[in-house]
Amino acid sequence: MNSSSFTANVTLGTRNVTIFCEPFTKLGKYSLGEDLTHFPLQLLMLQVGLVTTVTIFLQFFLQPFGQPSFVPQVLGGIAVGPSFLARDERYKRKFFSPRSEIVLDVCEAMGFTFFVFLLSVRLDLTILKKCGNLAVLIGFTSFIFPLIITLFAAHLLRRIVQLDEEVQKSLTIIATLVSTTSFHVVLHLLTDLNLLNSELGRLALSSSMISGFVSGIFLIITLALKDALETSATSMLLMQLTKVSMILISVFILRRIMLWMMRRTPDGKPLKESYTIAINIMVLVFSLWGEYTGQHYFVGPIILGLATPEGPPMGSSLSDKIGCFVSAVLMPCYTINLGRRVDTFLVSFQNFAVIEFLFVISSTVKFAAVMIPSVLYYNMPFLDGLALGFLLNCKGLVDIQIFERARQVKGVDTEVFSIIVFSALFQSAILTPLVKAVYDPSRRYVAYTRRTIQHCKRNTELRIIACIHEQENVPTLITILEASNPTRENPIGVYVLNLEGLVGTALPLLIQHNYESSSQPHKQTKTHHIFNAFRQYEFRNQGLVMVQCFTAIAPSTTMHEDVCSMALEKCASLVIIPFQTYDSPTIRTLNKMVLQKAPCSVCILFDRGQFGESRSTFTAQLTTNVCIIYLGGPDDHETLAFGARMAEHPSVRLTVLRLVAIRPHSGDLFEKRRDSNIINDFRISNRDNDNVEYREESVTEGADTARLLRSWGYNDYDLVMVGRRHDNDSPLLSGLSMWSEIEELGVVGDLLASSDSQCTASVLIVQQQASVVQEMLQSSKHTVRTP
């Protein structure tokens with residue numbers, strides 16, 4: 001028996017067991033020409049490399065069609081299985097040898113265990129407390145009604161259609177499985193679609209959590225009743241006690257241990273390596289515990305993941321240290337095994353049609369269960385309700401694993417399993433692009449009223465959204481707010497929005513901070529220092545300024561949604577957002593999206609750090625020198641309106657520098673007249689104000705403008721304000737746009753912010769509300785490169 005292997009079927013009690021025996025082979029270095037099946041590690045690397053290559057190719061091909069990552073992953077696994085490549089017997093013997101299948105099974109279980117654990121870590125169960133009535137209603141109806149109708153349809157099919165005995169037995173199980181909604185799947189899909197912190201994403205995740213909770217209870221009760229009929233009462237009781245003890249140990253023991261680990265970790269630092277190893281051991285022990293007590297091996301990791309404290313440093317460290325290995329090495333083993341168990345050549349048309357009919361029935365009823373309450377009773381926009389119905393009908397890897405569990409316990413055979421996998425794949429492949437097609441989160445930001453400083457009425461509150469990335473931005477922002485001249489007749493409402501990236505948690509959060517909850521924090525953090533500075537500013541200006549502090553935790557790709565949503569909900573007239581560094585693509589993308597989507601005017605602050613240093617116009621009564629560069633156009637009108645408000649402050653000296661072309665071009669006469677009228681009105685209203693100075697400079701071409709702006713005596717000013725968009729055909733800027741490096745700063749702002757400029761002052765680049773000037777933007781006169 002030194003060179004051969006054999007299999008034997010034996011009977012142990014009431015169970016049929018297959019025993020596989022083969023000779024022992026030493027693990028060693030593989031040499032070309034040797035039998036690869038004797039080297040499981042090298043064969044595993046080949047398998048993972050092949051399926052990863054196929055998956056990447058499919059993802060590259062399907063990405064333009066809006067397909068989620070789930071589709072190419074499953075197709076990649078199917079491609080290397082018996083449905084395609086493994087039809088060749090030689091390939092099948094080499095690629096799926098008995099020894100390699102054992103290794104794949106182990107890696108698959110490991111990969112999926114940590115996959116569901118990491119997804120569960122990212123979930124925050126407190127969302128169940130915050131769910132609105134609509135989310136609760138959709139969560140219940142999207143499971144109960146599809147379940148009832150699909151079970152009834154399955155019962156009719158069993159009586160009407162002549163089916164194979166195995167398929168008939170499976171219809172009830174299929175009807176139950178296709179009616180469920182996995183919040184892990186919805187979470188993964190929302191991440192792929194960049195909709196996590198959209199209104200639709202929050203509602204979909206809340207509804208799916210409720211639906212998953214309800215379906216989980218239903219399945220637990222159903223399985224308990226089934227176990228009661230098949231096993232003794234003592235065994236069933238022990239199984240349920242095991243689940244309860246698993247939950248209690250996770251919440252009251254292991255969670256407290258993890259909180260202790262977090263307290264022992266300094267701010268901004270990852271978890272110690274020993275802590276990460278300890279948590280990995282907890283995951284493996286819980287997985288083994290669940291499998292040993294008759295549950296699925298991923299039930300324990302899900303419970304442990306939900307009990308794990310979310311957010312950094314726990315969630316972020318686990319995601320950074322485990323996530324890459326799981327997704328790059330272990331999860332491909334899962335897709336390989338999935339493809340190995342799917343065989344399209346076993347599928348008959350009749351069985352496929354029957355099972356697909358159940359999918360269609362379940363999806364239709366679930367879609368109606370989502371649309372009717374959301375659109376008819378809660379007045380959700382029709383397209384939003386449509387997208388929500390599509391989202392909750394999508395399937396994913398967790399659903400496939402549940403199907404696989406049904407196959408393992410003989411609930412479905414290989415043919416039925418192949419059909420439901422393909423049906424789930426087709427459903428997600430069709431519905432996901434439809435979500436992208438019908439839902440545009442920026443649609444709600446389209447404003448039908450003017451929300452600008454220029455059109456803000458007198459004796460009304462000016463509302464400003466002040467965004468913060470770093471603590472260094474705070475002094476300059478506070479000085480700008482102080483210079484904005486809050487009075488009892490014209491107060492200022494400031495909504496401070498601290499922007500933080502989504503790390504280690506799934507749910508984008510918008511946290512409102514109040515004095516009671518954060519006045520005596522357990523551990524002083526950067527956030528507390530930021531908010532305390534703004535509260536001191538409010539205290540110094542009681543009755544003149546109102547400050548509310550928020551923290552937005554969101555993915556960097558969709559962080560602009562929180563900024564725009566707050567501007568819309570608070571009816572703000574202005575958003576101030578800092579420009580961090582030239583080499584920060586994340587911040588630059590955020591700025592571009594805010595400029596494009598915001599329902600009000602936007603200011604980009606290029607902070608050189610000197611404007612806010614040791615300066616407080618109210619406390620020390622220091623003079624703040626502000627310069628406005630005026631070329632004309634809607635953005636300059638907004639800049640001048642902001643400057644006019646500052647000029648009313650006794651400690652602000654304002655200089656308006658107007659650039660005039662010596663040879664003006666033949667442009668829009670109405671716009672030229674409007675520019676002149678606005679600047680004349682400003683001069684008339686400030687003719688008796690000694691703190692306002694007006695100057696004009698004549699230039700011939702863009703090169704003269706560049707020389708003037710670079711040599712202007714900016715050392716005398718603390719802040720320079722400019723409009724972002726201008727007439728590119730004007731001689732004032734001729735030839736300058738092609739040298740502009742940072743689009744979001746505009747041509748003039750880019751000149752002032754460049755390292756070649758002698759300007760040492762901070763620069764505030766102003767863009768008037770985009771929807772107000774949309775007609776101008778559509779003309780060539782005011783077109784700029786869209787960020």
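**Cores, a helix pair and one strand residue**

In this predicted model, the largest nonpolar core has 120 residues, and Phe112, Phe115 and Leu388 have the most contacts inside it. Helix H17 (residues 414–438) gives the most to this core, with 12 residues.

User: Which residues does Leu388 touch, leaving out those up to four places away in sequence?
Analyst: Leu388 touches Ile138, Leu200, Leu203, Ala204, Val370 and Met380. A second, separate core has 52 residues, among them Leu659, Leu709, Val720 and Leu752.

User: Why are H7 and H14 called roughly parallel to each other?
Analyst: Helix H7 (residues 165–177) and helix H14 (residues 349–377) pack at an angle of about 20°, and their axes are 11 Å apart. Angles under 35 degrees count as roughly parallel, and H7 and H14 are therefore roughly parallel. Their crossing is right-handed.

User: What makes the contact between H7 and H14?
Analyst: H7 contributes Val167, Leu171 and Ile174, while H14 contributes Asn351, Val354, Ile355 and Leu358. By class, six residues in this contact are nonpolar, one is polar and none is charged.

User: How do you know whether Ser698 counts as buried or exposed?
Analyst: The relative accessibility of Ser698 is 54%. The cut-off for exposed is over 50%, so Ser698 counts as exposed.

User: Where is Ser698, and which residues is Ser698 in contact with beyond its neighbours within four places in sequence?
Analyst: Ser698 is in strand E11 (residues 692–699). Beyond those neighbours, Ser698 is in contact with Val660 and Ile662. The C-alpha atoms of Ser698 and Leu659 are separated by 5.9 Å, although these residues are 39 residues apart along the chain.

Key:
Residues are numbered from 1 along each chain as its sequence is written. This is a predicted model: local features need pLDDT of at least 70, side-chain atom pairs count only at pLDDT 80 or more; totals for chains, interfaces and linings use all residues. Side-chain values use heavy atoms; hydrogens and water are left out. A nonpolar core is a set of buried Ala, Val, Leu, Ile, Met, Phe, Trp, Tyr and Cys residues joined through side-chain atoms within 4.5 Å. Buried means under 20% relative accessible area, exposed over 50%, partly exposed in between (1.4 Å probe, protein chains only). Helices (H or I, at least four residues) and strands (E, at least two) are DSSP runs, numbered from the N terminus. Contact means heavy atoms within 4.5 Å. Axes are lines fitted to C-alpha atoms, for helices over the stretch in contact, and angles run from 0 to 180 degrees between N-to-C directions. Angles under 35 degrees count as roughly parallel, over 145 as roughly antiparallel, 65 to 115 as roughly perpendicular and the rest as oblique. A crossing is left-handed if the near helix is turned anticlockwise from the far one by less than a right angle, and right-handed if clockwise. Ala, Val, Leu, Ile, Met, Phe, Trp, Tyr, Cys and Pro count as nonpolar, Asp, Glu, Lys and Arg as charged, and the others, Gly among them, as polar.
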